[in-house]
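Q: I am new to this structure and would like a close look at a single part of it, taken slowly and with the terms explained along the way.

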Amino acid sequence: MSETTSIVLVGVGGQGILLATQITARAAIVNGHDVKTNEVHGMAQRGGSVVAQVRYGEHVYSPLVPEGTAQVLASLERIEALRFASYLAPDGLAVVSSQAIIPVTVSSGQAGYPADAEDRLRAAFKRLAYIDAIGAAERLCDSRIANVILLGALSTALSLPPECWAEAIAQCVKPAYREINVRAFKEGKKMVGSARPSTA
Amino acid sequence: MSQRTATRALLSGNEAIARGAWEAGVTVATGYPGTPSTEILEAARAYKKDIYCEWSPNEKVALEVAAGASLAGARVIVTMKHVGLNVAADPLMTLSYIGTVGGLVICVADDPGMHSSQNEQDTRHYARFAKIPILEPSDSQEAMDFLALALELSETHSTPVILRSTTRVSHSSGAVRLGERRAASAGAGFQKNPQRFVPIPLNARPMRVRVEERTAALAEAANNSPANRIEWADRGLGIIAEGIAYQYVKELVPDASVLKIGWVWPFPDELLREFAAGVRRLIVVEELDDILEEHVRSLGIPCEGRKPGPWGARAAVPGIGELSPDRLSEVFGKRPQAHSPATSVNGKDLPARPPVLCPACPHRGMFFALGKFDVVVTGDIGCYALGVFPPLKRIDTILCMGAGVSMAHGMQVAERTRNIDEGKPRKVVGMVGDSTFFHSGITGLLDISYNKGAAVIIVVDNRTTAMTGHQEHPGTGRTLMGEQTISASVEDFGRACGMKNIATVDPYDLKTTTETLQQALDSNEPWLIVSRSPCPLYTKKSVGPARQVNQELCKKCKLCLRLGCPAIEYVDDEIKVNEMLCGGCALCEKVCKDGAFDIAQGACSE
């Protein structure tokens, strides 16, 4: 299955994972690939864990990514990356936003939020880009754009040309927000610079 | 953009069904929202110039409207989730006898794995039960193609047809080739023909015979349909795969021969026999029930799947829950892919992150107020089902749409007749949402009133069908077509049902809400309490300015944490409001006895 590229995007309902999924899938379509995605709607929008997947290649059968095969695992929340870690291929890139969103199970005293999340991430992933996507988004004036910053970061592990991403963003966001989204994408790309493998 | 990409679009399975309906000349589309089916009708609305679309009050009405349209000659689709077909089962069974004129396709989305459903019933049983064909696409392209095929079948054989999708087909997106719309033709309109359209026993008996003749003709056609095809490859292993399972099989064992089943019932017997004869070892891979496998066995063909075959041990195809390449890998003697070092990650103690009521959700106020009383709460289907989770824990039962009302009555009657020595009878409260009330709560309320019950029914009215993503309903004042219309009143329905005690409360007003509940629970009469405030996610407005915690005043009594609000975070022994999440409902401020919550600095209410 080496010819199929798999991407797993995770986060918390409301963070914009589904838009990031759509942009990624469209970038692959624009580049001429067959594409399949899968998303879970409904209940997951209510602050629950959200996982979405994109696969592209010459011909894609399953929309589901088998465990241990994703080239990229991108997470908008630090412990969600740990929750879905098993999807990543051994040589895959994990892109993780350092944001912590405290689940109600923690606030109501049923569970604890791991204090050592960053250490665990560094121990788990050989290739990790641990980025402050929210901080970068706020510098661009809108914390809601963290999802596109994450996209820019994860794009460094894929072979889709920049113009495909630009076209996909144009297809998915209103004209008034295109420029800020493109800037956010470039910003995310820059943030991974140092974590990028020399073999890419 | 290149020629190659110009006509390809990225569509979800649901969007593809809607697109397929438009291209095939459908002019009427009805349904009731239900995950994972909802987006079909929402996508169809994009073609509202050509397709009349409506959210019906429930699935039974939706199918009956569709039946009327079909008999008048229109091509029509009707959409619902799997359990919705239970509601529409009554018209379905007899529509099978009457048959269709314009093509009629019932698009039913199953939910294997129960991502957002109370059961994982398998819609394929309904096809055999109602004696109508069922098609099952395995991706977006097929969702579009099969919709057109289903309409053709419906018109050729005068039968309603089910297009069965699943969560994974409905909510996966894929590249789809777009085409043009076929001209719509409603023919000459409804043609009177009582022998065909009026199933009084005299007419129904010959209809019954025609149903069997039709089934025989359909079974013949299923063998030659493009929906069913053999892909010969290595004959050592043959796999009969249906729906999404086909995609998993092709991914896992690309070299095996495959009989792809897209038209499940009536079963394509000739094709099944031909394929079985051409392979040495035969596996049936289907999601949920072993309908196909049992049939293959009934033909005298040895196979394996849910049950072992004659070829020795092999992992069974799981019959519970959703299939996946990972779950099927063992069936084909494959190990799951080499796992990443991430499998060694310390993830066992990660806190669960279940879906919760949103920040500023008006239901939270009602749940918190209910927490002050020792009552049983019979719940229903909607966002408020999330009130089952701690810390709210104010839902005790859920059955189906409308049962929140009727079960409350049954439980109250039973409590009333219970032996008093075994403890004081408990009061029963039924909870139902606005859309669910219009769907099937009204008849339950009528029952309570008519049969002199004493349950307290709360309609948590947030002015939208929230759980499925904010669809209109008879109370919202707007149609799916975007037009202004009547706004049906819950209170008026209560009065029409003969309810004498009707109160309307603002659930953010905890004091009045609690007092009203007290008054209702103290009386021995039935009550209807309408808890009304719009869903803030729908209005896209904060209820008020964001709050913050004054740490000097907070005594960490944790009473506010009992609200189960995602915006109130308790970490490192400090209670804080996440201002990004806070919707400004001020319930925290109202429950706090120490005045520790106030308006966040710099917060502004939109």
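In the open sheet of seven strands in chain B, what is the order of the strands, and which kind of pairing does the sheet have?

A: This is a predicted model, in which local features need pLDDT of at least 70 and side-chain atom pairs count only at pLDDT 80 or more, while totals for chains, interfaces and linings use all residues. Residues are numbered from 1 along each chain as its sequence is written, and chains are lettered from A and ligands numbered from 1 in the order in which they are written.

The open sheet of seven strands in chain B has the order 3-2-4-5-7-6-12, with mixed pairing. At its edges stand strand 3 (52–55) and strand 12 (263–265) of chain B, each with a single partner strand, so one side of each is left without a neighbour in the sheet. Strands here are DSSP runs of E with at least two residues, helices are DSSP runs of H or I with at least four residues, and both are numbered from the N terminus; two strands pair if DSSP finds at least two bridges between them. Strands of a sheet pair through backbone hydrogen bonds, either parallel or antiparallel.

Within this sheet, strand 6 (residues 134–135) and strand 7 (residues 161–166) of chain B pair in the parallel sense over two bridges, and B:I134 stands opposite B:I162 of strand 7. Across strand 5 (104–110), strand 6 and strand 7 of chain B lies helix 8 (residues 140–157) of chain B, which runs at about 160° to strand 7; axes are lines fitted to C-alpha atoms, for helices over the stretch in contact, and angles run from 0 to 180 degrees between N-to-C directions.

One residue of helix 8 can be followed through the numbering: B:L147 is among those with the most contacts inside the largest nonpolar core, which has 249 residues, and B:A21 is another of them. Such a core is a set of buried Ala, Val, Leu, Ile, Met, Phe, Trp, Tyr and Cys residues joined through C-beta atoms within 7 Å, where buried means that 20 or more other C-beta atoms lie within 10 Å of a residue's own, exposed means 12 or fewer, and partly exposed lies in between, with C-beta atoms placed from the backbone. Leaving aside neighbours within four places in sequence, B:A21 is in contact with B:L147, and also with B:V26, B:A29, B:A44, B:I51 and B:I77; contact means that the C-beta atoms, placed from the backbone, lie within 7 Å.

Chain B has a further open sheet, of four strands, with the order 9-11-10-13 and again mixed pairing. Strand 9 (228–231) and strand 13 (281–285) of chain B stand at the edges of that sheet, each with a single partner strand, and the twist averages 15° from one strand to the next. Strand 9 pairs with strand 11 (residues 256–261) of chain B in the antiparallel sense over four bridges, and B:N228 stands opposite B:I261 of strand 11.

Finally, strand pairing also links the two chains, since three bridges join strand 2 of chain A to strand 8 (residues 172–177) of chain B, and these strands run antiparallel. A:N38 stands opposite B:S172 in strand 8 of chain B. The contact between the chains takes 56 residues from chain A and 53 residues from chain B, and strand 2 of chain A gives the most to the side of chain A that touches chain B, with five residues.

Note on methods. Two residues are in contact if their C-beta atoms, placed from the backbone, lie within 7 Å.
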